[in-house]
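Please read the following report alongside the sequence and the model. It goes through the structure topic by topic.

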Amino acid sequence: MRYCRDLSIILLKSKMAENMDIKDFVQPENLIYEKTACLTDKTLTFCPGCGHGTIHRLTMEVIDEMGIQGETLGVASVGCSVLAYEFMNVDMTGAAHGRAPAVATGMKRCWPDKFVFTYQGDGDLAAIGTAETIHACNRGENITIIFVNNGIYGMTGGQMAPTTLEGMKSSTTPYGRDTKLMGNPIKITELVAQLPGTFYATRQAVHTPAHVRKAKKAIRQAFENQKLKQGLSIVEVVSNCNSGWKMTPVASNKWMEENMFPFFPLGDIKVEGNLITK
């Protein structure tokens, strides 16, 4: 729990603080932050500055606010996203690398009234799991995909992924991605948005409070679409990987804004089954 910083400073500077018990300060009216019940009590072990923790919280807040904790099934993939089942306090299962949409398809068809979502990174979803992703979208499986794109394989050493930008350095492209040799980066969300079974496709970020609010709204919309049996919803979140990019968290966010966002522009791509024309 977090309490108002300004008020605590005032109390510390005040003579009242000398005789005030902390219990007098920790009151409901001073509460500004509280952990949702849909997160476990385990301490997040992601690298400092990583966006995964924020995305975890937003997803679990949505599930909590919708009152569907007991009706939700999650599928964690391989990579940094595999840690989701440690922190998400809903029924979770693991999937082989890239196979989360296939596992989610089976779960949803067995329990069609459950809310089923996958939590995947770009190396998992856009590389090893390309086929599973595309065909789940094409079939219009009534599931939610939460897709975290940081442009590399984050957990396994920072190798080039399908989303690695042209000229971007990684552990397997130390001089930058050469598109003549390695092909072009893939805009996977735009790709699957073309498929008739994809009902909702959007790209968001979580590096500022304003973007966090937009990302939460998008995740909520994805689960609401599932509730209405509209088909597949995919929410891509462009995030940093300061450890993989070899940058400080602040520098990685700046680099993300200057380099990732121009190629992966934020905003809705497909809403209510209709592509957004810009």
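## Helix α6 and its cover

Helix α6 spans residues 100–110. In this predicted model, its buried residues are Ala-100, Pro-101, Ala-104, Thr-105, Met-107 and Lys-108. A lysine and a threonine are thus listed beside alanines, a proline and a methionine.

What covers these buried residues? The cover includes three strands, β3 (72–76), β4 (91–94) and β5 (115–121). Helices α8 (130–139) and α11 (209–227) are also part of the cover.

## The chain overall

The chain has 278 residues, and 47% of them count as buried. Its secondary structure comes to 13 helices and twelve strands.

Contacts often span long stretches of sequence. Take the contacts between residues at least 6 apart in sequence: 68% of them join residues at least 24 apart.

## The largest pocket

The largest pocket has a volume of about 380 Å³. It is lined by 15 residues. Closest to the pocket centre are Tyr-33, Leu-39, Leu-44, Gly-53 and Arg-57.

Which helix gives the largest share of this lining? Helix α4 (residues 52–66) does, with five residues. By class, the pocket lining has seven nonpolar residues, four polar and four charged.

## Glu-61 in helix α4

Glu-61 also belongs to helix α4. Is Glu-61 buried or exposed? Its relative accessible area is 13%, under the 20% limit, so Glu-61 counts as buried. Leaving aside residues up to four places away in sequence, Glu-61 touches Thr-36 and Lys-216.

## The enclosed cavity

The structure holds one cavity of 30 Å³ or more. The largest cavity contains about 150 Å³ of space. Its lining is made of 17 residues. Those closest to the cavity centre are Val-78, Gly-79, Cys-80, Gly-121 and Gly-154.

Two elements give two or more residues to the cavity lining: α7 (122–128) and β7 (152–153). The largest share, three residues, comes from α7. By class, the lining of the largest cavity divides into six nonpolar, nine polar and two charged residues.

## Aromatic pairs and a lysine over a ring

The count of aromatic pairs comes to four. One of the pairs is formed by Phe-263 and Phe-264, with ring centres 4.9 Å apart. Their planes meet at 85 degrees, so the pair is edge-to-face. The cut-off for that class is over 60 degrees.

How exposed are the two rings' residues? Phe-263 has 27% relative accessibility and counts as partly exposed. Phe-264 has 1% and counts as buried. Phe-263 has another partner: Lys-187 lies over the face of its ring, at 4.6 Å from the ring centre.

## Two lysines with positive phi

Most residues other than glycine have a negative phi. Two lysines here have a positive value.

Lys-229 has a phi of about 60 degrees, although it is not a glycine. Lys-229 sits in the loop between α11 and β10 (232–238). Its relative accessibility is 55%, over the 50% limit, so Lys-229 counts as exposed.

Lys-246 is the other residue of this kind, with phi near 60 degrees. Its place is the loop between α12 (242–245) and α13 (249–263). Is Lys-246 buried or exposed? Lys-246 is exposed, at a relative accessible area of 68%.

## Gly-244 in helix α12

Helix α12 includes Gly-244. At 18% relative accessibility, Gly-244 falls under the 20% limit, so it counts as buried.

Which separation along the chain goes with Gly-244 and Lys-169? They are 75 residues apart. In space, their C-alpha atoms are separated by 9.8 Å.

Definitions and conventions
Residues numbered from 1 in each chain as written. Predicted model: local features only at pLDDT ≥ 70, side-chain atom pairs only at ≥ 80, totals over all residues. Heavy atoms only, no water. 1 Å grid on protein atoms, 1.4 Å probe; cavity = no way out; pocket = protein on both sides within 12 Å on 5 of 7 lines; lining within 4 Å. Points joined across faces, edges and corners; volume = space filled by probe spheres on them. Helix = DSSP H or I, 4+ residues; strand = E, 2+ residues; numbered from the N terminus. Nonpolar A, V, L, I, M, F, W, Y, C, P; charged D, E, K, R; others polar. Phe/Tyr/Trp six-rings, centres within 6.5 Å; stacked < 30°, edge-to-face > 60°. Buried < 20%, exposed > 50% of the residue type's maximum accessible area, 1.4 Å probe, protein only. Lys NZ or Arg CZ within 6 Å of the ring centre and 35° of its normal. Contact = heavy atoms within 4.5 Å.
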